[in-house]
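Could you walk me through this protein, step by step? I am new to reading structures and would like to know where to look.

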Amino acid sequence: MPKKIDIPKINTVTVSYTGDKIEFEKFLLSMTTDYLNSDTLPEYMEYDFGDMVEDIPKSA
């Protein structure tokens with residue numbers, strides 16, 4: 001029987017930032033947006049690349 005792996009739950013995060021207040025607010029906004037959208041794939045990940053494959057025959 002395999003050992004059960006417990007996933008740790010993060011309660012707090014400490015961030016050290018050396019920029020100004022405006023840059024820090026942009027950083028927080030991007031982090032929040034990434035977190036809220038983490039359950040959806042970005043548009044480029046949903047694109048089908050199957051038709052873009054080129055089959056080049058090998059010469060002997």
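Here is a short tour, from the whole chain down to a pair of rings and a pocket.

Keep in mind as you look around that this is a predicted model. The protein chain has two helices and zero strands. Buried residues make up 0% of its 60 residues. The accessible surface of the chain comes to about 7,000 Å², and carbon and sulfur atoms account for 58% of that surface.

Now turn to helix α1, which covers residues 21–36 and holds both Phe 24 and Phe 27. These two are three residues apart, about one turn of the helix. A search of the whole structure finds one aromatic pair, and it is formed by Phe 24 and Phe 27. Their ring centres are 6.2 Å apart, with 35 degrees between the planes. The pair counts as tilted because that angle is neither under 30 degrees nor over 60.

Are these two rings buried or exposed? Phe 24 has a relative accessible area of 28%, and Phe 27 has one of 26%. Buried would mean under 20% and exposed over 50%, so both residues are partly exposed.

Phe 27 also leads us to the next stop, since this residue helps to line the largest pocket. Its companions in the lining are Val 13, Val 15, Leu 28, Met 31, Thr 32 and Tyr 35. By type, the lining divides into six nonpolar residues, one polar and no charged. The space in this pocket is about 240 Å³.

Key:
Residues are numbered from 1 along each chain as its sequence is written. This is a predicted model: local features need pLDDT of at least 70, side-chain atom pairs count only at pLDDT 80 or more; totals for chains, interfaces and linings use all residues. Side-chain values use heavy atoms; hydrogens and water are left out. Rings of Phe, Tyr and Trp (its six-membered ring) pair if their centres lie within 6.5 Å; planes under 30 degrees apart count as stacked, over 60 as edge-to-face and the rest as tilted. Helices (H or I, at least four residues) and strands (E, at least two) are DSSP runs, numbered from the N terminus. Buried means under 20% relative accessible area, exposed over 50%, partly exposed in between (1.4 Å probe, protein chains only). On a 1 Å grid over the protein atoms alone, a cavity is a set of points where a 1.4 Å probe fits but cannot get out, and a pocket is an open set with protein on both sides within 12 Å along at least five of seven lines; lining residues have an atom within 4 Å of a point. Grid points are joined across faces, edges and corners, and a volume is the space filled by probe spheres set on the points. Ala, Val, Leu, Ile, Met, Phe, Trp, Tyr, Cys and Pro count as nonpolar, Asp, Glu, Lys and Arg as charged, and the others, Gly among them, as polar. Accessible areas come from the Shrake-Rupley method with a 1.4 Å probe; for residues, only the protein chains shown count as cover.
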